[in-house]
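Here is a walk through one protein model, residue by residue. Keep the structure open and follow each stop in turn.

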Amino acid sequence: SLAIDAARGAAPMSAMEDSMEKRIMRISIAPAQGLFLDMSFFGTYNEKKKPDQPLDWSSEESPAVMRWKRFKEGRITTHIMAEETKQHNFLRYIYGQEYHFERERYLPLPSEEEGKRPESKVEHD
């Protein structure tokens, strides 16, 4: 969700770097619909199992990568787009982000020593 907000200019790009620090940031959660593992690495599998045809992901033209691309484009992407066309979950999420956006959400929380949280300037129904 932070990446989406940064990409659309609703959050500063510095918030991406800040999110990697060991501190709490309040961000909303994007819908899980459409999320999938895009790439797997099988180096350890190939070493331990020693298959007759190891899974090779090192080249864009390797048989394993080509099969994965065909599967992803033919099944996964098609399914995600059809589901979004019917349910509009991501579109509703983006609308909700714009409607309820609070820039303060990306500001650092005060330290525990200060003992209070920043107050939101956005009113909710």
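Begin with charge. Glu60 and Lys69 form a salt bridge, and their closest N and O atoms are 2.5 Å apart. That places the pair inside the 4 Å cut-off for a salt bridge. The model is a predicted one, and its count comes to one salt bridge. Side chains of opposite charge can pair when their charged atoms come close.

How accessible are the two partners? Glu60 has 47% relative accessibility, so Glu60 counts as partly exposed. Lys69 is also partly exposed, because its relative accessible area is 31%. Both values fall between the 20% limit for buried and the 50% limit for exposed.

Next, look at Ser62. This residue sits in the loop that joins helix 3 (43-49) to helix 4. Its relative accessibility is 4%, so Ser62 counts as buried. Setting aside residues up to four places away in sequence, Ser62 touches Asp56 and Trp57.

Now move into helix 4, which covers residues 63-87. Glu84 is located there. Is this acidic side chain buried or exposed? Glu84 is buried, yet it has no salt bridge. The nearest side chain of opposite charge belongs to Arg92, 7.1 Å away. A salt bridge needs a nitrogen and a carboxyl oxygen within 4 Å, so Arg92 is out of range for Glu84.

What does the Glu84 side chain reach instead? One target is the backbone nitrogen of Asn89, at 3.2 Å. Another is the backbone nitrogen of Phe90, at 3.0 Å. Both distances fall within the 3.5 Å cut-off for a polar contact. Leaving out neighbours within four places in sequence, the contacts of Glu84 are Gln33, Asn89, Phe90 and Leu91.

Turn to the aromatic rings. How many aromatic pairs are there? The count comes to two. One joins Trp68 and Phe71 in a tilted arrangement, with 5.9 Å from centre to centre and 35° between the planes. Both residues lie in helix 4, three residues apart, or about one turn of the helix. Trp68 counts as buried because its relative accessibility is 17%. Phe71 has 41% relative accessibility, so Phe71 counts as partly exposed.

Phe90 and Tyr93 form another aromatic pair. Their rings are tilted too, at 5.9 Å centre to centre, with 40° between the planes. The angle lies between the 30 and 60 degree limits, and therefore the pair is classed as tilted. Phe90 and Tyr93 are separated by about one helical turn, because they are three residues apart in helix 5. With 38% relative accessibility, Phe90 counts as partly exposed. Tyr93, at 10%, counts as buried. Phe90 has come up before: its backbone nitrogen is reached by the side chain of Glu84.

Stay in helix 5, residues 89-99, for the last stop, Ile94. Ile94 has a relative accessible area of 24%, so it is partly exposed. Where does Ile94 stand relative to Asp5? The two are 89 residues apart along the chain, and their C-alpha atoms are separated by 9.1 Å.

Look back once more at the charged residues. Glu60 has a salt bridge with Lys69. Glu84 is buried and has none, but its side chain reaches the backbone nitrogens of Asn89 and Phe90.

Methods. Residues are numbered from 1 along each chain as its sequence is written. This is a predicted model: local features need pLDDT of at least 70, side-chain atom pairs count only at pLDDT 80 or more; totals for chains, interfaces and linings use all residues. Side-chain values use heavy atoms; hydrogens and water are left out. Helices (H or I, at least four residues) and strands (E, at least two) are DSSP runs, numbered from the N terminus. Buried means under 20% relative accessible area, exposed over 50%, partly exposed in between (1.4 Å probe, protein chains only). Lys and Arg count as positive and Asp and Glu as negative; His and the chain ends are not counted. A polar contact is a pair of N or O atoms within 3.5 Å; within protein, one must be able to donate a hydrogen and the other to accept it, and residues adjacent in sequence count only if both atoms are side-chain atoms. Contact means heavy atoms within 4.5 Å. Rings of Phe, Tyr and Trp (its six-membered ring) pair if their centres lie within 6.5 Å; planes under 30 degrees apart count as stacked, over 60 as edge-to-face and the rest as tilted.
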